[in-house]
Amino acid sequence: MALAPFYERVYGALGGHLAISRESLESVLGRVTVGIQLGSKPNDNEIWIGSLATNLVARIYPKIAITGDTEVRNEYKALAKSINPDIEFVDQANATTTIGIGEGNLKDGIYPSASGWVAKLEGGPRTWNGPKNPYSSGVAACLACAELFRRVFVGSTSNNEVAVSLLNFDKVTGAENKYSKVDIGDVAFVGIGAVGNAALWALSRDGAVQGNVDLIDAELVELSNLQRYVLTSNADIGKPKVDLAKAVLSGSKIKSVPHKLNLEEYLHPGETLETPTLVISVDNVDARRAGQALLPKMVINGWTGEQALGASWHVFSRNAACLACLYHPHGVGLSAIEQAAKALGLAVDRAAQLWVTKQPLSSDDLKVVSHALGVSEHELAPWKRKSLGDIYTDVVCGAVPLNVKGVSRVEMVPLAHQSALAGIFMAAELIKRSHPKLSKIAQDEPLVSWDNILQPPPAIWGKPRAREPGCICGDKDYQNVYKAKWGSAVKPRSRRG
Ligand SMILES: [Zn+2]
């Protein structure tokens, strides 16, 4: 079987979500053939949907059947092969595991489509000739891959129509909306991980957007990143992530400057962030809180949790949660210490002690951790003298792939389509909030999320969030600095019911 060279990572992600053994996963992947079926004369949206669907599918499934328009088919095959050089192409797949785009006649197929700002998923074919839009097209591809994943691994099939407008998260708004120009201004884009990759995938295909973007990320592309970074191919391993991002944007009207640095290094000591817009999708809570504390005029955030994903937007003077509120110890989700404790099987107070003192884990701790992760103590030997923070980042957040055999591994590696959806939501927020007319239509809630990717998409995406008591946004000094920096031009909008 043509398992991807980064299969270890695929197992890490799927094993964590499904509690499936390595053997069962290999056997499921050996049996399933995924189809990508493109109708004749595909329009831009259809080509984008097919392209991202192929991109995501090639990161999990070793056997695919790509059919339809010859020219595009060859492009898709080359794309799949660049991701998994060993991928196997076959002629046909079952309808139930086929993503059909445009015209078609599959019974029980998965049919994503897009028009303007609306993405749809249906049980039968639909050809939309509405305005082209890479964001809704990308979302449609992710919705299709999520449905495919549930059919293959969860054994559930949903034939309910799904429709989502990226403008305000109802089902219809903006399906006919064509826009000709958006200026995102000066943007600090922090984090070119899986979420950032998908955001750039969409932005680079948007011919209407212009702006100046500082790309900020210190890391290089690693083999394990291929499991869910949609900009990466096998040939990119070892390249700086920011260089990859710059190359992708080079065909667009966005001017970008790569900075192979993390956020703390990007700003000199004592320097404040003068860039008005911060787009952030880093893998740690501290950098997000720090990002908000730098008081940019607007923050756009994209994130994945265990089975969740989402995006949020924040204007500090607005009477709604700021980004730091979302990551406040009493805010949404667990603190890093609680997450580490949960993932590694340690008691929270023990984890807190280890976290704060940075002392290495005791042999008793390592026993607990090896049990929780389903690996031998021997395999954890490299972390014997390291701190809890290190082991958490390396093992759980997935910087270091481990050969894990157990079925009970607590793993937090997101699925490819989960990260991609978060990234495209993040990019859509950036576009909307930078465009006066679109921002008037956009949802008022600071947060949109899908809380469990193994379930069908939510009926209601927006989550109202009030400010957290004790957060910096309730602090007069911070608010005064913000006002002095950006003036009072940013007016809080009235709440809609
Ligand atoms: Zn706050």
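Look first at where two helices meet in this predicted model: from α5 come Tyr 135, Gly 138, Val 139, Cys 142, Cys 145, Ala 146 and Phe 149, and facing them in α15 are His 417, Ala 420, Leu 421, Ile 424, Phe 425, Ala 427, Ala 428 and Ile 431. Sorted by class, the residues of this contact are 13 nonpolar and 2 polar, with no charged ones.

Now step back and follow the two helices as a pair. Helix α15 covers residues 416–433, and its axis comes within 9 Å of the axis of α5, with a crossing angle of roughly 160 degrees. Because an angle over 145 degrees counts as roughly antiparallel, α5 is roughly antiparallel to α15. The crossing of α5 past α15 is left-handed.

Helix α5 also leads us to a space inside the protein. There are 3 cavities of 30 Å³ or more in the model, and the second largest has a volume of about 50 Å³. Which elements each supply at least two residues of its lining? They are β6, spanning 118–122, and α5, spanning 134–154.

You can trace the wall of this second largest cavity residue by residue. Its lining is made up of Gly 109, Ile 110, Leu 121, Glu 122, Gly 123, Glu 147, Arg 151, Ser 158, Asn 159 and Asn 160. By class, that lining has 2 nonpolar, 5 polar and 3 charged residues. Set beside it, the contact of α5 with α15 has no charged residues.

Technical notes. Residues are numbered from 1 along each chain as its sequence is written. This is a predicted model: local features need pLDDT of at least 70, side-chain atom pairs count only at pLDDT 80 or more; totals for chains, interfaces and linings use all residues. Side-chain values use heavy atoms; hydrogens and water are left out. On a 1 Å grid over the protein atoms alone, a cavity is a set of points where a 1.4 Å probe fits but cannot get out, and a pocket is an open set with protein on both sides within 12 Å along at least five of seven lines; lining residues have an atom within 4 Å of a point. Grid points are joined across faces, edges and corners, and a volume is the space filled by probe spheres set on the points. Helices (H or I, at least four residues) and strands (E, at least two) are DSSP runs, numbered from the N terminus. Ala, Val, Leu, Ile, Met, Phe, Trp, Tyr, Cys and Pro count as nonpolar, Asp, Glu, Lys and Arg as charged, and the others, Gly among them, as polar. Axes are lines fitted to C-alpha atoms, for helices over the stretch in contact, and angles run from 0 to 180 degrees between N-to-C directions. Angles under 35 degrees count as roughly parallel, over 145 as roughly antiparallel, 65 to 115 as roughly perpendicular and the rest as oblique. A crossing is left-handed if the near helix is turned anticlockwise from the far one by less than a right angle, and right-handed if clockwise. Contact means heavy atoms within 4.5 Å.
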